[in-house]
Amino acid sequence: MNFEDTPQEAAFRAKARAWLEQNARLRPPDEIAPNLLGERESADVIQKAKAWQTKKFDEGWAVLTWPKEYGGQALGRLEAVVWGQEEGKFEVPPNLYAIGHGMLGPTLMAHGTDEQKKKYIREMARGQVVWCQLFSEPDAGSDLAGLRTSATRDGDGWLINGQKIWSTGAHFSDFGMIVTRTDPNAPKHAGLTYFIVDMHAKGVEVRPIKQINGGSGFNEVFFSDVRVPDANRLGGVGDGWRVAITTLMNERVAIGAGGGAGRFKDLLKLARATRRNGRPAIEDSAVRQKLADFYIRSKGLQFTGYRTLSALSRGATPGPEGSIGKAVGAPLGQEMASFAMELQGTMGAVLADALALQEGLWQQMYLGTPGIRIAGGTDEILKNIIAERVLRLPPEIRVDKDRPFRDIPSGSVKS
Ligand SMILES: Cc1cc2nc3c(=O)[nH]c(=O)nc-3n(C[C@H](O)[C@H](O)[C@H](O)COP(=O)(O)OP(=O)(O)OC[C@H]3O[C@@H](n4cnc5c(N)ncnc54)[C@H](O)[C@@H]3O)c2cc1C
C-alpha cells in the first residue's frame with residue numbers, strides 16, 4: 001500500500017502550506033506542541049481562536065468537507081486530513097469547534113429544517129458562535145437513553161428542567177444541543193426529544209468542574225424553566241434518540257484515536273535526552289524494548305486509522321469499527337505517558353510547565369488520558385460495540401429496554 005500523497009494531494013498540501021506560512025508561525029521541529037487537554041481558556045485565547053476560525057472561513061480554509069452552501073469547500077476527508085497535518089505544524093490558537101463542526105453541524109445537516117440549516121450552519125462554520133453538546137447527566141452517560149432532564153409543553157414552546165454534566169466548552173458556548181425526556185410513559189429510547197438551546201437564555205447556569213490537571217474544560221449545566229421555542233426542535237417529538245445517534249456516530253469519527261499515541265517522536269527525543277544507569281536511556285535494552293513496543297502499537301493504530309479514512313473517502317459511512325482507534329489509542333497514550341515520567345526520574349513528578357521536561361507534556365498527558373478513556377464512550381462501551389457489531393457476539397441483556405421509563409428506578413438499572 002502506498003502512503004505517499006497522490007499528485008492532487010501533494011498540490012493541495014503545497015497550497016495549504018503556502019497559506020499557513022503567510023498567516024501563522026511555523027513551529028520549529030524541536031519545539032513541543034502544547035497539550036491543551038482540559039485547559040480553561042482565557043477570554044483573550046477565545047477571541048484569538050474565533051478570529052483564526054473566521055479568517056480561515058473567509059479565505060476558504062474552514063470546514064473543508066462541508067458543502068459550499070454552508071461555507072465549506074466540498075472536499076474529501078483526505079484533504080481535510082492533509083490540512084490538519086499541515087495546520088498542526090503551525091502555532092495556531094486552540095480549536096474550539098471539535099464538537100460543533102465534528103458532531104453538531106453534521107447533525108443539523110441531517111435532521112434540521114431548511115430554516116434551521118439556514119439560520120445556524122454557516123454561522124457555526126464561521127466560528128463567531130460556539131456550540132456545545134449537552135447529553136450526559138449525573139445518572140446517564142454510557143446509558144444515555146436513561147437521561148432525566150425533562151422538556152414539557154408550554155404554549156408554542158417547551159420548558160426544560162434538569163441537569164447536564166461534563167459539558168465541554170459550555171462556559172464559552174453560545175448554543176447547545178440537548179437531548180431531553182418528553183414522554184416518561186414511553187420506553188426509554190422512545191420518549192426523547194432533541195433541541196437547540198440558547199446558552200445565554202434565562203435559567204441556564206454553567207458551573208465549572210475542576211480537573212485533576214488543574215484545568216476545567218468541562219462543566220455542570222443546570223436548567224431551570226428554560227424556555228425553548230418549538231422552532232428549535234431538531235427532529236420529531238419522541239425522535240430524539242435517532243437524532244442523537246447521528247451525533248454519536250459523528251463523535252466516533254471526530255474524536256478519532258485521541259490520547260496522544262501520535263507523540264512517539266517526542267518519547268524518542270526524551271529517551272535520547274535522559275540517562276539511565278549512567279548512560280543515555282536510549283542505550284538501555286529494557287528502554288529500547290519498551291520503545292519498540294510503543295512504536296509498533298502506534299504504527300498499527302496509524303495504519304488502522306488510514307484504513308478507516310480510505311473507506312470513508314470511498315463514500316462509506318462511519319461504522320462501529322471506528323471504535324477501535326480510541327479503545328487502543330487512549331490506553332496506549334496513558335502507558336506512554338507513564339513510561340515517559342518514569343524515564344524522567346524524580347523530575348517525572350514535576351508538573352509546572354516552566355520547570356518540567358518537555359514543558360510538562362507527559363505529566364499533562366498522564367493526567368488527561370483517563371478522561372479520554374471515558375469521553376465519547378468508555379473503554380468498556382467501545383469493547384461492547386466491537387463485540388456486538390463488529391464480531392457479532394451475543395448482545396448484552398437489556399432488561400429495561402421495553403418498559404415505560406417511569407417504571408425504571410433511578411440509578412439502578414443500566415443497559
Ligand atoms: C473529557 C470529557 C469530556 C466530555 N465531554 C462531554 C460533552 O461535551 N458533552 C456530554 O454530554 N458529555 C461529555 N462527557 C461525558 C461522557 O460522555 C461520559 O462521561 C461517558 O459517556 C461515560 O458516562 P458516565 O461518566 O456517566 O459513566 P458511567 O456510564 O456511569 O460508567 C461508569 C463505569 O461503568 C462502566 N460501564 C457502564 N455501562 C457499562 C456496560 N454496559 N458494560 C460494561 N461497562 C459499563 C463504564 O465503562 C465505566 O467504567 C465528557 C467526558 C469526559 C471525560
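Which residues are buried in H2? In this predicted model, they are Ile46, Ala49, Lys50, Trp52, Gln53, Thr54, Lys56 and Phe57. As you follow the helix, keep in mind that an α-helix has 3.6 residues a turn, so residues three or four places apart point the same way. The buried residues of H2 pack against four other helices: H1 (7–23), H3, H4 (98–111) and H5 (114–126). H2 itself has 16 residues, and from its first C-alpha to its last it reaches 22 Å, close to the 22 Å expected at 1.5 Å a residue.

Now step off the end of H2. Gly60 follows the helix, with a positive phi near 85 degrees. A bit further along is Val63, in the loop between H2 (43–58) and H3 (77–87). Its phi is positive too, near 30 degrees, and Val63 is not a glycine. Most residues other than glycine have a negative phi, which is a good reason to give this spot a second look. Val63 has a relative accessibility of 12%, and because the cut-off for buried is under 20%, Val63 counts as buried. Another non-glycine residue with a positive phi is Asp225, near 50 degrees; you'll find Asp225 in strand S9, residues 219–229.

Next, the loop leads on to H3. This helix packs with H8 (residues 285–313), their axes 8 Å apart and at an angle of about 135 degrees. That angle falls outside the ranges for roughly parallel, roughly perpendicular and roughly antiparallel, so H3 and H8 are oblique to each other. On the H3 side, the contact is made by Arg77, Leu78 and Val81, and on the H8 side by Leu309, Leu312 and Ser313. Sort those residues by class and you get 4 nonpolar, 1 polar and 1 charged.

H8 has another helix to look at, H7 (residues 264–273). The axes of H7 and H8 come within 11 Å and cross at roughly 170 degrees. Angles over 145 degrees count as roughly antiparallel, so that is how H7 runs relative to H8. Here Phe264, Leu267, Leu268 and Ala271 of H7 meet Val287, Leu291, Phe294, Tyr295 and Ser298 of H8. By class, this contact has 8 nonpolar residues, 1 polar and no charged ones.

What about the nonpolar cores? The largest has 30 residues, and those with the most contacts inside it are Leu104, Leu108, Trp131 and Tyr194. The elements giving two or more residues to this core are H4, H5, strand S6 (175–181), strand S7 (192–198) and H6. Try clicking on Trp131: leaving aside neighbours within four places in sequence, its contacts include Leu104, Leu108, Tyr120, Met124, Phe175 and Ile196. Apart from this core lies another, of 21 residues, with Phe294, Phe339, Trp362 and Met365 among them.

H6 (residues 240–255) deserves its own stop. Its 16 residues should span 22 Å at 1.5 Å a residue, and its end C-alpha atoms are 22 Å apart, which agrees. The buried residues of H6 include Val243, Ala244 and Leu248, and also Asn250, Glu251 and Arg252.

To finish, go to helix H10 (residues 361–372), where Pro370 sits. Pro370 is partly exposed, with a relative accessible area of 33%. Where is Ala330 relative to Pro370? The two are 40 residues apart in sequence, but C-alpha to C-alpha they are 7.8 Å apart in space.

Methods. Residues numbered from 1 in each chain as written. Predicted model: local features only at pLDDT ≥ 70, side-chain atom pairs only at ≥ 80, totals over all residues. Heavy atoms only, no water. Buried < 20%, exposed > 50% of the residue type's maximum accessible area, 1.4 Å probe, protein only. Expected span 1.5 Å × (residues − 1). Axes fitted to C-alpha atoms, helices over the stretch in contact; angles between N-to-C directions. Parallel < 35°, antiparallel > 145°, perpendicular 65-115°, else oblique. Contact = heavy atoms within 4.5 Å. Nonpolar A, V, L, I, M, F, W, Y, C, P; charged D, E, K, R; others polar. Core = buried A, V, L, I, M, F, W, Y, C linked by side-chain atoms within 4.5 Å.
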